Amino acid sequence: MNPDEAVAEVRRRLAAAPEKVFAAFAEARLVGRWLTPSPEIALAVLAFDFRVGGLFRFAYRVPGASTMIVNGAYRAIERPSRIVFSWNIEPPTYMPASNRR
């Protein structure tokens, strides 16, 4: 890990079997159903390669705002208890109206 990288560790105890929680992270169809901050925000899974070194990319469609793109890479996967991944918010692409065609 790069010493200049920001790091956050999140631990939670959930009232669900570890395999079910793990599957919610490991299967694209399930991630798209729950990994959103509110019901108004839609999540589209653009890329999903759940393996160490694999990449993901999500598009969050926020009503009345531009789409936010998030990407990352899976760094460690230990079924059913541990998943380490990066989380990068891509900068929005702003183009002046005069340049759009």
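How many bridges pair E2 and E3, and in which sense? The two strands pair in the antiparallel sense over six bridges, with pairing taken to need at least two DSSP bridges between strands. Helices (H or I, at least four residues) and strands (E, at least two) are DSSP runs, numbered from the N terminus. The model is a predicted one, where local features need pLDDT of at least 70, side-chain atom pairs count only at pLDDT 80 or more, and totals for chains, interfaces and linings use all residues. Residues are numbered from 1 along each chain as its sequence is written, and side-chain values use heavy atoms, leaving out hydrogens and water.

Back to the strands. Across from Arg 57 stands Asn 71 in E3. The hairpin of E2 and E3 has six residues between the strands, and Gly 64 there takes a positive phi near 75°. E2 also has E1 as a partner: the two run antiparallel and are joined by six bridges, with Leu 43 matched to Tyr 60 in E2. E1 and E2 make a hairpin too, again with six residues between them, and Gly 53 in its turn has a positive phi of about 90°.

Then there is helix H1, residues 18-26, where Phe 22, Ala 23, Ala 24 and Ala 26 are buried, that is, under 20% relative accessible area with a 1.4 Å probe, protein chains only. Covering these buried residues, by contact (heavy atoms within 4.5 Å), are elements including helix H2 (28-34) and the strands E1 (42-48), E3 (68-78) and E4 (82-85).

How values were computed: Buried means under 20% relative accessible area, exposed over 50%, partly exposed in between (1.4 Å probe, protein chains only).
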